[in-house]
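Here are some notes to go with your first look at this one. Have the sequence and the 3D view open while you read.

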Amino acid sequence: GAVRDWDVQQSLLNERFNDAERFPIRVIQCFRRELQTHRRLLQKELKQAIHRWAGPFRQSVATTLASLDTDDVETNARAAQLVTTARATLRRRLKQLLAAGRRDLYDLDNLHQLRIAAKRLRYAMEAFAACYPREFQHDLYLEVERLQEELGDINDLRNLAATMTKMGDALRRH
């Protein structure tokens, strides 16, 4: 996530701040260098995490695949249990999204919490899509995805502004 955030900030910097009339090119280049330096450090951490989690992830996949080899009677019982779990999970995630949406959304922290709630609902919808009709899989899912993406764009710009402010303060001190 942290590496992705730096990539997004680099992309936003390229998209929105290439206007040399509004921003001196030296300032933009300095921000770019700082972003790249921070990203390299985070990428090292990411590589370490991948090595640390690769074995447990492979084991989890193997266990999951082995659990899929069941007979028909057991499969029907598990399918019914899956639908029950899907309903409970989606209901809980939707309530969380609605609660987050009732907060003061002019507060960017609250807006970020709404994005997280939308993301969690979206992932649950993906996991349980097979339990629901096509309209659910396409129409409703696409609406939640759109909401999450729009809220994500706002949050990414907020993070870039915070990073630029922090880096600007450090550059002024030097």
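1. **How much is inside.** First, a caution: this is a predicted model. Of the chain's 174 residues, 27% count as buried.

2. **The overall layout.** The chain has 5 helices and 0 strands. Going along the sequence, you read the pattern α-α-α-α-α. Three of the helices come up by name below: α2, which covers residues 25-67, along with α4 (108-127) and α5 (134-173).

3. **The cavity.** How many cavities of 30 Å³ or more are there? The count is 1, and the largest cavity has a volume of about 30 Å³. In general, empty space is found by rolling a probe the size of a water molecule over the atoms.

4. **What lines the cavity.** The lining of the largest cavity is made up of Leu-108, Leu-111, His-112, Leu-151, Ile-154, Asn-155 and Arg-158. Helices α4 and α5 each give at least two residues to this lining, and α5 has the largest share with 4 residues. Sorted by character, the lining residues are 4 nonpolar, 2 polar and 1 charged.

5. **A salt bridge between helices.** Keep Arg-158 in view after the cavity, as it is one of the lining residues and also forms a salt bridge with Asp-109. The closest N and O atoms of that pair are 2.3 Å apart. The bridge links distant parts of the chain, with Arg-158 in helix α5 and Asp-109 in helix α4, 49 residues apart. Are these two buried, partly exposed or exposed? Arg-158 counts as partly exposed because its relative accessibility is 26%. Asp-109 is partly exposed too, with a relative accessible area of 46%.

6. **A salt bridge within α4.** A search of the whole structure finds 8 salt bridges, and another to look at joins the side chains of Arg-122 and Glu-126, at 3.6 Å from N to O. Arg-122 and Glu-126 are about one helical turn apart because they are separated by 4 residues in helix α4. The two partners differ in cover: Arg-122 is buried, with a relative accessible area of 15%, whereas Glu-126 counts as partly exposed at 40% relative accessibility. As a general point, side chains of opposite charge can pair when their charged atoms come close.

7. **A salt bridge within α5.** Now move to Glu-143 and Arg-146, whose side chains meet in a salt bridge of 2.9 Å, N to O. Both residues lie in helix α5, 3 residues apart, which is about one turn of the helix. Glu-143 counts as partly exposed because its relative accessibility is 44%. Arg-146 falls in the partly exposed class as well, at 39%.

8. **A small network.** Which residues are linked in a network of salt bridges? They are Arg-4, Asp-5 and Asp-156. Try picking out these three together in the 3D view.

9. **A nonpolar patch on the surface.** On helix α2 you can find Val-61. Together with Phe-57 and Leu-65, Val-61 forms a nonpolar patch on the surface, and the three have about 300 Å² of accessible area between them. Why does Val-61 count as partly exposed? Because its relative accessibility is 34%, and the partly exposed class runs between 20% and 50%.

10. **Glu-149 and Lys-119.** Glu-149 is another residue of helix α5, and Glu-149 counts as partly exposed at 45% relative accessibility. How far is Glu-149 from Lys-119 in sequence and in space? The two are 30 residues apart in sequence, and their C-alpha atoms are 9.0 Å apart in space.

11. **The loop between α4 and α5.** Last stop: Ala-129, which sits in the loop between α4 and α5. Is Ala-129 buried or exposed? Ala-129 counts as buried because its relative accessibility is 19%, and the cut-off for buried is under 20%. Tyr-141 is 12 residues from Ala-129 along the chain, and 8.9 Å separates their C-alpha atoms.

Methods. Residues are numbered from 1 along each chain as its sequence is written. This is a predicted model: local features need pLDDT of at least 70, side-chain atom pairs count only at pLDDT 80 or more; totals for chains, interfaces and linings use all residues. Side-chain values use heavy atoms; hydrogens and water are left out. Patches are made of residues with over 30% relative accessible area and no salt bridge: like charges are joined within 9 Å, nonpolar side chains (Val, Leu, Ile, Met, Phe, Trp, Tyr) within 5 Å. Accessible areas come from the Shrake-Rupley method with a 1.4 Å probe; for residues, only the protein chains shown count as cover. A salt bridge is a side-chain nitrogen of Lys or Arg within 4 Å of a carboxyl oxygen of Asp or Glu. Buried means under 20% relative accessible area, exposed over 50%, partly exposed in between (1.4 Å probe, protein chains only). On a 1 Å grid over the protein atoms alone, a cavity is a set of points where a 1.4 Å probe fits but cannot get out, and a pocket is an open set with protein on both sides within 12 Å along at least five of seven lines; lining residues have an atom within 4 Å of a point. Grid points are joined across faces, edges and corners, and a volume is the space filled by probe spheres set on the points. Ala, Val, Leu, Ile, Met, Phe, Trp, Tyr, Cys and Pro count as nonpolar, Asp, Glu, Lys and Arg as charged, and the others, Gly among them, as polar.
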